[in-house]
Amino acid sequence: MLRYMAIGDVTSAKAAQALAKALWDIRKQYRIDFVAVNAENAGFIVGPSRETAEALLAGGADVLTGGNHTLQSTSLYAMLDNDTRLLRPANYPDTAPGQGYAILDAKGYRVLVASLLGRVHIEPPLDSPFTAADRILSREAGKYDLAFFDLHAEATGEKTAFAAYLDGRVSAVYGTHTHVPTADTCVLPAGTGYVTDLGMCGADGGILGVSRESVLERYISGLPTRFAPADGNYYADAVIFSADESTGKCASVERVRLALPTPIAK
């Protein structure tokens, strides 16, 4: 079995630092063969900086998936164009920097990882993730052994429908974006592992990775408020998919919450 760990949205540079410091030990503890980290928010409401992306990859991530904030960090464009381990959503136009999926090695097997963005209650409006997934699987047929799709989306119904559409065609589908872990880990009828949302990687002292005070001020006053990253104890929400290399099907799905070291203040 290939053990694939998917880690939820990294919410700040400090959260990325904490994860990078602990990830190789986490891989050893859970016997992980491949790690995917959603880093679209690692610059705190913008995509990761080049330095943050490189730190996560050096720290033990095999691939970084994206979302609605990834391309806000223009300093990342050159890395997106030149490093296949850093992804933006595949349903962006072809003129966008970077690529939306990659085929990478794990234990000698070819692992396809795709990043896609939903279309319900989320910006920017992009091509359908359903048809984008079809194009990827058709284009790369015969070139991969296992396939994993990260759908960065707001609506739980869209994520669930996307998983049903791909059931039996990919090893796993997992959702990101809402920062709240869901309790529906399962293997779908045709053998695809699924969870609606992984959760997040960040500090537990705020609201979805944002300081409690700044969020409450916006809700109470109704006025624009400058957000700040949360502080507190750091953790990462993750799901482990165990996939059969010979069939590409998922055998089990396990949720874990990982305690992380406190990052060094800068």
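1. Let's start with the lining of the largest pocket in this predicted model. Its residues split into eight nonpolar, eight polar and three charged. The pocket itself has a volume of about 520 Å³. Of its 19 lining residues, those closest to the centre are His-179, Ile-207, Leu-208, Val-210 and Phe-227. If you want a secondary-structure handle on this site, look at helix α6 (residues 212-221), which supplies the largest share of the lining, three residues.

2. The second largest pocket is worth a look too. Its volume is about 210 Å³. Here 14 residues form the lining, and Ala-90, Tyr-92, Asp-94, Arg-135 and Arg-139 are the closest to the centre. The lining divides into six nonpolar, three polar and five charged residues. Helix α4 (residues 129-139) contributes the most, with four residues.

3. Now to strand β14 (residues 234-243). How many of its residues are buried? The count is 10 of the 10, so the strand is largely enclosed by the rest of the structure. In a regular strand, side chains alternate between the two faces of the sheet. For β14, both faces are covered. On one side sit Tyr-234, Ala-236, Ala-238, Ile-240 and Ser-242, and on the other Tyr-235, Asp-237, Val-239, Phe-241 and Ala-243, all of them buried.

4. Which strands pair with β14? One is β1 (residues 2-7), antiparallel to β14 over six bridges. In that pairing, Leu-2 stands opposite Ala-243 of β14. Another is β11 (residues 200-203), also antiparallel, joined to β14 by three bridges. There, Cys-201 has Ala-236 of β14 as its bridge partner.

5. Strand β15 (residues 250-259) also runs antiparallel to β14, with nine bridges between them. Ala-236 turns up again here, with Leu-258 of β15 as its bridge partner. The two strands form a hairpin with six residues between them. If you check backbone torsions, note Gly-248 in that turn, where phi is positive at about 80°.

6. Finally, a single residue in a loop. Ser-73 lies between β4 (63-65) and α3 (77-82). Is Ser-73 buried or exposed? It counts as buried because its relative accessibility is 9%, below the 20% cut-off. Leaving aside residues up to four places away in sequence, Ser-73 touches Gly-47, Pro-48 and Ser-49.

How values were computed. Residues numbered from 1 in each chain as written. Predicted model: local features only at pLDDT ≥ 70, side-chain atom pairs only at ≥ 80, totals over all residues. Heavy atoms only, no water. Buried < 20%, exposed > 50% of the residue type's maximum accessible area, 1.4 Å probe, protein only. Contact = heavy atoms within 4.5 Å. Pairing = 2+ DSSP bridges. 1 Å grid on protein atoms, 1.4 Å probe; cavity = no way out; pocket = protein on both sides within 12 Å on 5 of 7 lines; lining within 4 Å. Points joined across faces, edges and corners; volume = space filled by probe spheres on them. Nonpolar A, V, L, I, M, F, W, Y, C, P; charged D, E, K, R; others polar.
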